[in-house]
Structure formats: C-alpha cells, structure tokens
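Hello,

Here is the structure I promised to pass on. Please open it and keep it in view while you read my notes below.

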Amino acid sequence: MNLPLTDPVLLAQDIPDSLVARLRSSGQAVCLRFSWKGDLLASGTAKGTIAIFDLETNGVARKLKGHTNGRTVQSLSWEKSGRYLLSSSIDWKVILWDLKDGSRVRVVSLGAPVYIAELHPQNYLQCVAALYEYRPVLADLTATTPKQHALPNLPKRAPHELDANPEKADAKHFTTVAAFTPTGSHIITGTTKGWLNVISTTTHQTIYSTRLCSKPILLIRLSASGRDLLVNASDTIIRTIKLPDLSSPTLAPDQIRLDVEHKFQDVVNRLSWNHVAFSSSADYVMASTLMNHDIYIWERGHGSLVKILEGPKEELGAVEWHPHRPFVAATGVESGRVYLWSINTPQRWSALAPDFLEVEENEEYIEKEDEFDVQPVEELQKRRLDMEDEEVDVLTVDAEQLEREGGKKGGQGGGGEFFRMPVLLDMNESDSEDEMVAIGTGQFRRKSTAREEREFEDGEEEGDGMGDSGAGVVVQDVEEDTARAGRKRRRP
Amino acid sequence: MSITEHDEPARRSPKRKRSESPNGIPQHDGAPDAAALQYGYDEEMPSELQSPAEQDEDGMAAKRQRRERPRRLNYVPYMTLRGHKRGVAAVKFSPDGRWIASCSADATIKIWDATTGAHSRTLEGHLAGISTIAWSPDSKVLASGSDDKIIRLWDIATGKALPSPLIGHHNYVYSLAFSPKGNMIVSGSYDEAVFLWDVRTARPMRSLPAHSDPVSGVDFVRDGTLIASCSSDGLIRIWDTSTTQCLKTLVHEDNAAVTSVRFSPNGKYVLACTLDSCLRLWNYVDGRCIKTYQGHKNEKYSINAAFGAYTAELGAASEMDGEEPERWAFAVCGSEDGRAVLWDVSSKEVLQELKAHEGVMLGVDVGPDDTIVTCGLDKTIRMWKRQPLPPDANGVHESTVVVPIVAPVVEDSTPVNGTPAGTQEDG
C-alpha cells in the first residue's frame with residue numbers, strides 16, 4: 001500500500017545499487033532461495049542446517065535441522081504459498097518441510113548425493129532431483145513412502161546420430177541439474193557433456209535435446225514467465241535461451257528449437273561464474289564470479305554489462321534476485337554470511353511537511369491574490385465542512401491489493417492458498433553469531449555490548465552512530481530534528 | 001442537545017454520482033448559490049421517482065438502491081464488565097473475536113470472554129498504568145505499553161509475560177500496534193520517538209525521529225507496508241515500513257494535538273482524533289482532510305476512535321441468499337461527557353449516540369457480529385449489541401427501547417455490586 005506514496009524515481013529503478021545488510025545464522029550459508037512472495041529468504045548451510053530469514057526484520061524466523069550434520073545443503077525450493085520448503089543435501093536426502101510447525105512432511109533418501117532438487121510449481125508433493133553419477137529422479141511424495149521414477153540421462157538423438165558403440169560414448173554421461181518449467185509440464189535437465197534435455201513430466205520421455213558445449217552444465221534457471229532459460233556451463237560462458245511455450249498442447253516435439261540468444265563471458269580475464277540468476281522480470285542476468293568479489297549484472301536487450309555490485313571483501317557463492325523487487329542476496333564463500341543489496345532511498349524533504357515542495361532551483365514566490373485576505377473563521381470552517389461531501393469507501397479493498405497480499409488468488413490454481421508463518425517468540429537467538437544486526441539501509445545495530453566492531457572497516461556504515469550505540473540503542477540516519485524542522489517551516 | 005436531533009429530515013448520503021470536477025473535488029468558488037447546489041442531493045428522493053435511465057446506469061446499483069442505508073443504528077447495552085480499580089484506557093477485541101482485553105491505570109490487563117463476558121485472566125507485571133494494548137494477528141499474544149516505559153508481551157494461553165520485555169523507550173509508552181504478520185511492533189512514546197521492534201528478538205530495529213511532542217498514536221496499514229504516527233505536535237506522519245522514511249505529513253490548519261490515528265479497513269484513509277473535538281478522515285495520498293466528524297467533546301483526553309461496518313438489517317446476509325449484503329462504514333469515538341458517537345463515514349451524519357460511561361469515555365473497539373465495546377474513566381467496560389430499530393425510533397435508544405438485559409458480569413467472586421446495565425442507563 002506504500003506504492004502511491006513512493007517516489008516514482010525509485011520505482012523506476014530496477015537494479016539494486018548498495019549493500020544494505022548482512023545476515024548470519026548459525027553456520028556457513030551456501031545456498032539461498034527467496035519465497036515466492038519475497039518476504040522470506042531460506043538459506044542452507046555447509047553443516048546441513050537451514051535458516052529462514054524474515055526480510056522485514058532481517059532476523060531468523062525459523063531454523064530447520066534434519067539433514068545429516070556436517071553435510072552441505074545443496075538446494076532449496078519453495079512451494080508457492082510459502083508453507084512448504086524442499087531441501088536437498090549431499091547426505092542423499094531430500095526433505096519436505098512444513099513451516100507451519102517446522103516438521104518434516106517427507107524425508108526421502110534418493111540413494112546418491114543430490115546436486116539439486118526442485119518442487120513441482122503446482123504440486124508440492126512432486127519433485128525432481130539431479131543426482132551424483134546416477135539418473136535424475138522424479139519423486140511423487142503423495143504417499144508416505146514416495147514413488148521414484150528414474151528419468152533418462154541421455155539426450156534424444158536421431159537414429160543416424162547414434163554411435164556404433166553407444167555404451168562407450170554414453171558411459172559417464174550424467175545429469176547435473178534439473179528444473180521444472182513454470183507450469184510443471186516439462187523438466188529441463190543439463191548433463192555432464194553439455195547437453196540440454198527437455199523431458200515430459202507425464203511420460204518421462206526426453207522430447208528434445210540440444211548440445212550447448214562440451215563441458216558440464218552447472219546450473220539452469222528459468223524466468224518466471226518460463227520463456228527464458230539461463231544456463232551456466234563450466235566453459236565460462238553464460239547463455240540465455242528463448243524457450244517455446246512448452247505447455248502449449250499444439251507444440252510438437254519436432255518443432256522445438258532452442259537457440260542461444262546471448263552469451264555472456266569475460267573475454268579478458270576468462271572469469272568463470274559461480275552462480276547465475278535472472279532478475280525478477282528476466283530483463284537482467286546476474287552472476288557471481290569465481291575468485292572475485294563482484295556480482296556482474298548484464299542487461300538482456302543488448303547483452304551489455306550494466307552494473308557490478310561490490311561491497312563484501314570475499315568471493316560470493318550463490319546469488320538470488322528477489323521475485324519482484326530490485327533486491328539481491330548472495331552468500332559469502334569464506335564467511336558464510338548472506339549479503340543483501342537494495343536501492344538507496346533518500347528521505348524526501350517534501351514529505352516532512354505538507355507545504356514543502358522540492359524544486360530544482362530557487363523560485364521567486366508570487367503571493368496569491370487572496371493569500372492575506374482576512375476571512376471570518378467560522379465561514380471558512382463552514383465552507384470547508386460543506387465541501388466534504390464526496391462518497392468515501394473505507395471498507396472495500398482493491399482486488400489488486402488483495403492479490404498482492406496473497407489473500408485470494410485466482411487463476412494459476414494450486415498452492416495459492418494463504419499461509420502466514422507463525423512468529424516464534426522463543427527462537428534461540430544465541431545461535432546467531434553475528435555481532436551486528438543490520439536494521440535497514442546502511443544501518444547496523446550492535447547485538448551484544450562488549451565486542452570490537454572489526455567487521456566494519458568497509459566504511460560504508462556510519463561509524464559515529466555505531467560507536468556509542470550499545471545493545472538496544474539504534475542508529476538513526478535522519479537527524480533528530482527533522483521533525484522539528486518540518487514544523488518550524490510551517491510557521492513563519 | 002446534539003446535532004442528531006434537528007427537526008428536518010435527516011440527510012442521507014448521495015446515492016448517485018454527481019458531476020465532479022476532474023480532481024474529484026466538487027467545485028466551490030464561494031458563489032452565493034453554491035451552498036444550495038451543494039445540498040441538491042439532500043432532498044428525500046424516493047427511489048421510484050428516480051428516472052429509469054439513472055437506475056439502469058448499472059444493474060447492481062439499481063438493485064442496491066432498494067436497500068436503503070439505515071439512518072439510525074440501535075446499539076443497546078449488553079454487558080457491563082467491572083473489575084478494574086482505576087480508569088480503563090483501552091479495550092480491544094482479539095482478531096479471532098474470542099476475547100476482549102482491557103488495560104487500566106491500575107497497572108493490570110484483564111482478559112474477558114467476548115461472548116459471555118466472563119473474566120478470564122488478570123495480567124499483572126507492569127509497574128505503572130497501562131495506556132495501550134495490541135493483539136497479535138493470531139490472537140495468541142497481547143502486547144501492552146505502560147508508563148513504566150516497558151512494552152510487555154503476554155502469552156494469552158498461560159497468562160504469563162514472555163521472558164523478554166521490549167525495553168528501549170525513555171518515557172511512557174503511549175501507543176502500540178502489531179504488524180499484520182505479527183513479526184514487528186510499532187510503538188509511540190512520550191519520548192517523542194516511534195520505535196519499530198523485532199518481536200522475535202524483542203529488540204528495537206529502528207527508531208523513527210517522528211515528532212517533536214509525545215507520540216500519541218501509531219498504526220500499521222493492512223499489508224504492513226506503511227506506519228502512521230501522530231503526536232500532540234499536531235502532525236500525522238505516514239512512514240514506509242521497510243525504509244522507515246517519512247512519506248507524507250498531514251497537518252490541519254488549526255494544528256490541534258492529534259491523540260489517535262488509525263488506518264481505514266481498506267488502508268486508503270486514516271482516521272485521526274484531535275483535541276479540537278473533531279474526528280477527521282484523511283486521504284493520506286493526497287494529504288487532504290476529506291471528512292470532519294463533530295458532535296462529541298474531546299479537548300483534553302486521548303480518546304480512541306474505531307471503524308465499523310453495518311448492513312441495512314440485522315441478519316441481512318442470510319436473507320439475500322448468498323449475495324453479499326451492502327455494507328456501509330461508521331466511525332465511532334468517545335466523548336468527554338461519557339457518550340460514544342457513531343457517524344456514517346460518507347454522510348457524516350450521526351447514526352447513534354450511546355450513553356456509555358459516567359465521565360470520560362476513553363476507548364472503543366468494534367468486534368464481530370455487530371458488537372461494540374467501550375471503556376472509560378468510570379472503571380467499567382461496556383459491551384453493546386446492535387438490535388433492530390423499533391418502528392418509531394428516532395435513534396435515541398434509552399427512552400424507547402426495551403432491551404434484553406444480561407446481568408453484569410463481575411470479576412471473580414466479588415459480590416454483585418452493579419445494577420443491570422439497562423436500568424442504569426435510565427438513571
């Protein structure tokens with residue numbers, strides 16, 4: 001509901017520009033995923049725990065423990081309403097969590113370390129997983145003992161392409177990554193030999209294959225619309241690919257063609273990319289770099305580099321773009337912190353008093369004809385009251401607003417039900433090891449009193465305010481007297 | 001006496017769209033006949049006399065016109081809850097409608113069953129009077145702000161205070177609100193600051209340099225993205241929750257101290273009480289005061305206001321087989337002469353005045369099933385239920401209406417020392 005009052009300049013900005021917060025829970029975060037609504041951020045650690053961050057408070061909203069201690073969480077996947085979360089780990093397990101009470105709905109052992117597991121977008125009781133040196137699996141979690149269907153590793157080839165000795169060529173050809181299309185009708189997988197396969201979710205058959213490169217595919221991301229594919233391969237090239245509407249019933253497998261739209265690479269330094277993501281609208285592509293502290297953001301129209309996000313003094317691992325805001329999260333490879341970038345929102349002075357106006361340059365004030373006319377107070381009052389005759393509806397909520405709140409959701413179907421995560425008041429906060437807690441744009445507050453603030457040599461925070469802010473005291477960015485200023489101005 | 005009792009036929013809100021100037025403000029240039037034009041719609045116009053064209057403008061509207069907006073409401077006293085030893089500052093229905101919480105200058109909070117009026121718990125722990133309470137959205141936790149500068153959270157299931165109170169304000173805590181998700185609390189204090197708290201860690205997240213006088217009211221908008229605050233410096237400020245920056249400031253010319261602020265149920269307006277005996281509805285996006293409700297007396301005390309909704313008839317929902325009955329909104333506010341006044345939000349006309357309390361009436365909340373709860377300096381809490389209008393009613397219930405009386409519920413086993421609510425009204 002803050003949209004009508006937000007500065008249009010800020011609304012037009014679609015790339016984050018400044019580091020606003022660092023989050024930390026127990027352990028070293030290695031993977032991240034925003035919930036569909038974007039109010040929560042799940043992070044998995046190298047030690048097998050999962051923390052859900054509340055992005056309104058930047059605090060931990062829930063901790064989930066269930067994977068084998070010490071085994072890295074590999075991937076996270078949210079159900080649409082935000083109630084269920086699927087996690088996978090190299091301990092062979094995928095776990096479906098119910099965030100209502102933090103319980104495990106299903107724990108499935110897939111028999112091999114999991115590269116990545118993803119929930120079906122419409123049905124949270126179905127998931128696909130890519131396994132280490134094994135065939136990818138489509139698991140149906142409806143029953144308490146889940147059914148697993150192995151999916152093909154090998155690309156679909158025309159008869160003449162088949163080698164004389166297929167066994168030999170196809171040995172060591174495994175799937176490294178799998179992802180659902182937004183309707184869930186198809187699964188797109190990438191293999192160790194650089195192939196992309198499109199597999200039907202219903203028939204489990206590969207309907208189309210194409211080879212992008214000879215190196216393994218590392219990651220596949222789909223845009224929210226499902227028409228764009230982002231592929232990171234170990235040949236240091238990120239590719240965007242236009243997808244046909246795979247859910248269209250008229251689409252025949254032989255009509256599918258996947259053409260590379262853009263290739264992003266660093267031709268000078270030959271940087272390779274740790275992790276890639278689309279922006280919320282898929283207008284931008286973002287990547288974290290190996291052995292480098294920056295996040296690169298390219299614009300897709302022309303394929304040009306538009307922004308380098310910097311700030312942390314360490315290499316960044318997983319990167320995620322918020323589902324609908326210019327807001328980026330990334331994990332630090334060494335510290336395991338979660339870094340958040342957003343746009344800077346300066347205080348507009350015109351908001352502080354109704355008759356303040358922001359002007360580009362000085363203007364000469366021309367007084368109105370009747371500005372200093374004395375009018376009987378009562379008459380003015382009466383006239384004003386008489387003008388208050390419009391119909392006012394204080395009850396009806398716009399359909400648009402309702403949808404934004406996620407209360408009622410038409411279309412799409414499945415998983416649209418409303419879920420609000422319970423607020424846990426007994427969270428064991430000793431788990432959080434960070435000594436400073438970010439509380440907003442460039443704002444940090446000390447978590448406990450007696451600690452050195454060596455974290456903050458980066459210099460973008462306000463050192464002064466922080467020095468004397470003990471526990472429970474917060475730093476203010478706007479001077480205390482803005483409130484007063486606003487008022488004084490009104491009375492000459 | 002009061003402005004309801006004038007002789008001319010009561011005004012009704014305009015049912016049809018009048019031509020409007022492009023910006024939605026009716027033209028008014030002060031020409032002599034303007035006033036007459038303004039009231040053009042006020043004449044009674046039976047729906048059958050309206051031109052068919054007008055009725056066909058849209059089918060729904062024509063259909064609805066048959067169901068007149070009632071010009072009077074008939075809330076009758078239903079229960080009186082006693083037990084507090086000093087004035088009761090605020091009453092709040094729990095979001096699930098099961099409980100009523102009240103807080104008092106006697107430093108206690110009492111929880112009452114909203115249907116039976118039975119006293120359920122007394123929450124003790126504050127060291128000074130309590131000015132404000134707020135329910136968490138799941139109705140499981142109650143937050144209270146006290147003159148001991150501390151905000152406490154109470155587990156309703158056990159009646160115990162949660163171990164970590166919210167400490168940080170330098171002066172009396174005056175007003176509180178939970179965010180719609182229940183993860184944050186906003187508080188306003190005599191120390192002139194607005195604090196935003198992380199409920200999970202019980203720590204302040206941000207302090208808003210809000211006002212230059214005590215902050216008398218705070219509220220969250222329905223989706224939690226905005227915070228409203230008001231102060232006796234006469235300002236109402238609207239804040240962005242995520243950036244905690246001021247987005248808008250509302251000031252009325254008179255600069256009268258603002259004592260409470262509340263977002264409308266749909267979040268598009270704010271309702272504010274000021275110490276010039278006015279209740280104002282603001283369109284905060286345009287920064288315009290669009291309605292001024294008068295008829296009560298409020299010059300000294302912090303009196304809360306609330307929104308409510310009413311339908312044409314009681315139980316109208318069932319009659320109209322499935323179709324949502326048309327609802328209108330009312331605003332209700334206490335008065336320093338003990339009345340509670342209900343206004344129609346659009347027409348500004350007084351729908352009812354309740355003789356609610358002896359002395360100042362302080363707090364009011366509107367609950368489910370057409371109930372209202374009020375509290376005042378006379379240490380009592382009153383519950384009111386809407387009844388059908390008697391045939392000849394002209395809105396003043398206490399002389400005309402026979403009321404089913406429920407004996408007042410008295411805390412614990414204290415002997416019944418009150419008279420039945422209805423009879424007391426006549427005295």
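How many helices and how many strands does the secondary structure of chain A come to? The count is 6 helices and 30 strands. Keep in mind that this is a predicted model.

Some totals for chain A come next. The chain has 492 residues, and 52% of them are buried. Its accessible surface is about 23,500 Å². Carbon and sulfur atoms account for 50% of that surface. Take the contacts in chain A between residues at least 6 apart in sequence: 48% of these join residues at least 24 apart.

UniProt, in an unreviewed entry, puts the feature "repeat: WD" at residues 73-107 of chain A. In the model, that span is 66% strand and 0% helix. Its end C-alpha atoms lie 14 Å apart.

Now the cores. In soluble globular proteins, nonpolar side chains tend to be buried together. The largest nonpolar core here has 42 residues. A:Ile188, A:Leu196, A:Ile220, A:Leu229 and A:Ile238 have the most contacts inside it. Look at A:Ile220. Setting aside neighbours within four places in sequence, its contacts include A:Val177, A:Ile188, A:Leu196 and A:Leu229. There is also a second, separate core of 22 residues, with B:Cys273, B:Tyr293, B:Ala329 and B:Val345 among them.

A:Trp298 deserves a stop. This residue sits in strand β24 (residues 295-299) of chain A. Is A:Trp298 buried or exposed? It counts as buried because its relative accessibility is 5%, and the cut-off for buried is under 20%. Beyond its neighbours within four places in sequence, A:Trp298 touches A:Ile238, A:Phe264 and A:Trp273, among others. A:Phe264 is 34 residues away in sequence, yet the two C-alpha atoms are 8.0 Å apart in space.

Next, go to chain B and find strand β16 (residues 226-231). All 6 of its 6 residues are buried. Both faces are covered. One side carries B:Leu226, B:Ala228 and B:Cys230, and the other carries B:Ile227, B:Ser229 and B:Ser231.

β16(B) has two partners to look at:

- Strand β15 (residues 215-220) of chain B pairs with β16(B) in the antiparallel sense over 5 bridges. B:Phe220 stands opposite B:Ile227. This hairpin has 5 residues between the strands, and B:Gly224 takes a positive phi near 80 degrees.
- Strand β17 (residues 235-240) of chain B runs antiparallel to β16(B), also joined by 5 bridges. B:Cys230 has B:Ile236 as its bridge partner. Here 3 residues lie between the strands, and B:Gly234 in the turn has a positive phi of about 90 degrees.

Last, the charges. Side chains of opposite charge can pair when their charged atoms come close. The structure holds 22 salt bridges over all chains. One of them links A:Asp228 and A:Lys242 at 3.2 Å, N to O. A:Asp228 lies in β19 and A:Lys242 in β20 of chain A, so the pair ties together parts that are 14 residues apart in sequence. A:Asp228 is buried at 7% relative accessible area, while A:Lys242 is partly exposed at 44%. Both belong to a salt-bridge network with A:Glu261 and A:Arg300.

Which chains does the salt bridge of B:Arg288 and A:Glu390 involve? It runs between chains B and A, at 3.4 Å, N to O. B:Arg288 is in strand β22 of chain B and A:Glu390 is in the loop between α3 and α4 of chain A, so the pair joins two chains.

Best wishes

Definitions and conventions:
Residues numbered from 1 in each chain as written. Chains lettered and ligands numbered in written order. Predicted model: local features only at pLDDT ≥ 70, side-chain atom pairs only at ≥ 80, totals over all residues. Heavy atoms only, no water. Core = buried A, V, L, I, M, F, W, Y, C linked by side-chain atoms within 4.5 Å. Buried < 20%, exposed > 50% of the residue type's maximum accessible area, 1.4 Å probe, protein only. Contact = heavy atoms within 4.5 Å. Helix = DSSP H or I, 4+ residues; strand = E, 2+ residues; numbered from the N terminus. Pairing = 2+ DSSP bridges. UniProt positions renumbered as here; feature names shortened; annotations may be inferred. Areas by Shrake-Rupley, 256 points an atom, 1.4 Å probe, with all protein chains shown as cover. Salt bridge = Lys/Arg side-chain N within 4 Å of Asp/Glu carboxyl O.
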